[in-house]
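Student: I have a new model open and would like to learn how to read its features. Could you walk me through it?

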Amino acid sequence: MGLSPNASRDEWALSGRIELEGGAAAVDVLGDGPPVVLTHGTPTWSYLWREIGNHLARDHTVYLWDLLGYGHSRPRAHTLPSVALHAECLAELLGHWGLTGDPAPALIGRDIGGGTVLRALLRHGVHARALVLMDAAVLPPWVTPLAAHMQQHIDAYRSMPNATFTHLITAHLNTATETPLAPAIADAYLQHYLGPPGQQCWLDHVAGFHDEDTRDIAHRLHQIDIPTTVIWGERDHWLPPDTGRRLHHAIPGSTFVAIPGAGHLVTEDAAGPTLHAIRHALNLRS
């Protein structure tokens with residue numbers, strides 16, 4: 001069983017479903033070896049890991065999931081996705097996968113996935129042998145100006161003509177990379193936000209963004225005592241590289257890796273250098 005790194009948006013779909021307290025999570029497992037768990041961020045889904053995950057699966061057991069409200073995972077009715085919810089789900093999933101003892105997994109999180117991983121570690125007591133945090137939404141304020149504006153005027157955005165809204169978020173996604181996304185890849189990310197239901201889905205995500213979900217975590221970063229690597233796109237316009245450097249300095253003994261020419265979606269701009277940095281963080285040969 002495997003997911004092809006060349007899969008189209010229609011071919012990439014996690015094969016399993018796990019019922020969690022907060023909803024139903026789409027999951028999959030690739031490869032064999034020491035465990036590594038990949039947690040994507042917003043506005044992406046597990047499709048983000050199509051290259052990284054398959055490469056790591058050559059010598060690791062790779063656990064993939066879609067955050068609730070993203071990809072093919074669904075939260076319970078009237079439940080807004082949030083970092084707090086995602087961290088609870090990650091802790092539940094690690095228990096379901098039997099990853100609560102030895103060997104502890106390596107946890108890799110990007111964007112709000114980074115905040116999710118750290119909240120699971122510091123608030124829910126999950127165990128990890130290593131951390132990789134990629135353009136991570138951890139240090140407040142991490143809610144972007146567009147998301148903050150949407151929160152302040154949520155009703156206006158919810159009633160905005162869908163064609164206008166789609167144009168807006170398409171333009172916004174284009175700022176996440178330095179190299180324009182291929183149309184098929186952009187479509188893979190935008191497909192979950194098309195039409196009126198997709199518009200409400202995007203806005204539900206935005207409504208659940210809260211700096212408070214990581215504020216207490218930010219004050220406890222000095223407690224982290226496992227190998228940690230912070231990876232950041234040098235051209236990240238959503239969360240500037242200085243934010244990554246501050247995160248690195250707040251975690252004792254951590255390593256900072258800047259990816260040249262990459263924006264917020266480092267896996268799309270520079271999959272090769274990003275994979276190399278991840279494998280180095282996991283003490284693997286490239």
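## Reading the model together

Tutor: Happy to! Strands E8 and E9 run parallel to each other, paired over five bridges. Do keep in mind that this is a predicted model.

Student: Good to know. Which residue of E9 is the bridge partner of Trp232?

Tutor: That partner is Ala258. E8 has a pairing with E7 as well, in the parallel sense and over four bridges. There, Leu131 has Thr228 of E8 as its bridge partner.

Student: How should I read the side chains along a strand? Which residues of E8 point one way and which the other?

Tutor: The general idea is that side chains in a regular strand alternate between the two faces of the sheet. In E8, Thr228, Val230 and Trp232 point one way, while Thr229, Ile231 and Gly233 point the other way.

Student: How many of the six residues of E8 are buried?

Tutor: Six of the six are buried, and E8 is described as mostly covered. That holds for the residues pointing either way.

Student: E8 must have neighbours, then. Where does helix H12 come in?

Tutor: H12 spans residues 271–281, and its buried residues are Ala271, Thr274, Leu275, Ala277, Ile278, Arg279 and Ala281. These buried residues pack against strands E6, E7, E8 and E9, and also against helices H1 and H11. After H12 comes Asn283, with a positive phi near 60 degrees.

Student: Let's turn to helix packing. What describes two packed helices?

Tutor: Two quantities do: the angle between their axes and the distance between those axes. Take H6 (residues 162–174) and H8 (residues 195–207): they pack at about 50 degrees, with axes 10 Å apart. That angle makes H6 oblique to H8. The crossing of the two is left-handed.

Student: Which residues make that contact?

Tutor: From H6 they are Asn162, Phe165, Ile169 and His172, and from H8 they are Gly195, Pro196, Gln199, Trp202 and Leu203. By class, this contact of H6 with H8 has five nonpolar, four polar and no charged residues.

Student: H8 also packs with H4. At what angle do H4 and H8 pack, and how far apart are their axes?

Tutor: H4 (residues 145–152) and H8 pack at about 100 degrees, with their axes 9 Å apart. Angles from 65 to 115 degrees count as roughly perpendicular, so H4 and H8 are roughly perpendicular to each other. On the H4 side the contact uses Ala147, Met150 and Gln151, and on the H8 side Trp202, Leu203, Val206 and Ala207. The contact of H4 with H8 divides into six nonpolar, one polar and no charged residues.

Student: So Trp202 and Leu203 are listed for H8 in the contact with H6 and in the contact with H4. Now for backbone geometry: what do most residues and peptide bonds look like?

Tutor: Most residues other than glycine have a negative phi, and most peptide bonds are trans. With that in mind, look at Asp111, where phi is positive, near 60 degrees. Asp111 sits in the loop between E6 and helix H3. Another case is Asp135, with a positive phi near 40 degrees, in the loop between E7 and H4.

Student: Are those two aspartates buried or exposed?

Tutor: Buried means under 20% relative accessible area. Asp111, at 4% relative accessibility, therefore counts as buried. Asp135 has 0% relative accessibility, so Asp135 counts as buried too.

Student: And which peptide bonds should I look at for the cis form?

Tutor: One is the bond from Asp102 to Pro103, with omega near -5 degrees; Pro103 is in the loop between helix H2 and E6. Another joins Pro140 and Pro141, with omega about -5 degrees. Pro141 belongs to the loop between E7 and H4.

Student: One last residue: where is His222, and is His222 buried or exposed?

Tutor: His222 is in the loop between helix H9 and E8. His222 has a relative accessible area of 53% and is exposed. Leaving out residues up to four places away in sequence, His222 touches Ala250 and Pro252. From His222 to Ala262 there are 40 residues in sequence and 28 Å in space, C-alpha to C-alpha.

Definitions and conventions. Residues numbered from 1 in each chain as written. Predicted model: local features only at pLDDT ≥ 70, side-chain atom pairs only at ≥ 80, totals over all residues. Heavy atoms only, no water. Axes fitted to C-alpha atoms, helices over the stretch in contact; angles between N-to-C directions. Parallel < 35°, antiparallel > 145°, perpendicular 65-115°, else oblique. Left-handed = near helix turned anticlockwise from the far one by under 90°. Contact = heavy atoms within 4.5 Å. Nonpolar A, V, L, I, M, F, W, Y, C, P; charged D, E, K, R; others polar. Buried < 20%, exposed > 50% of the residue type's maximum accessible area, 1.4 Å probe, protein only. Pairing = 2+ DSSP bridges.
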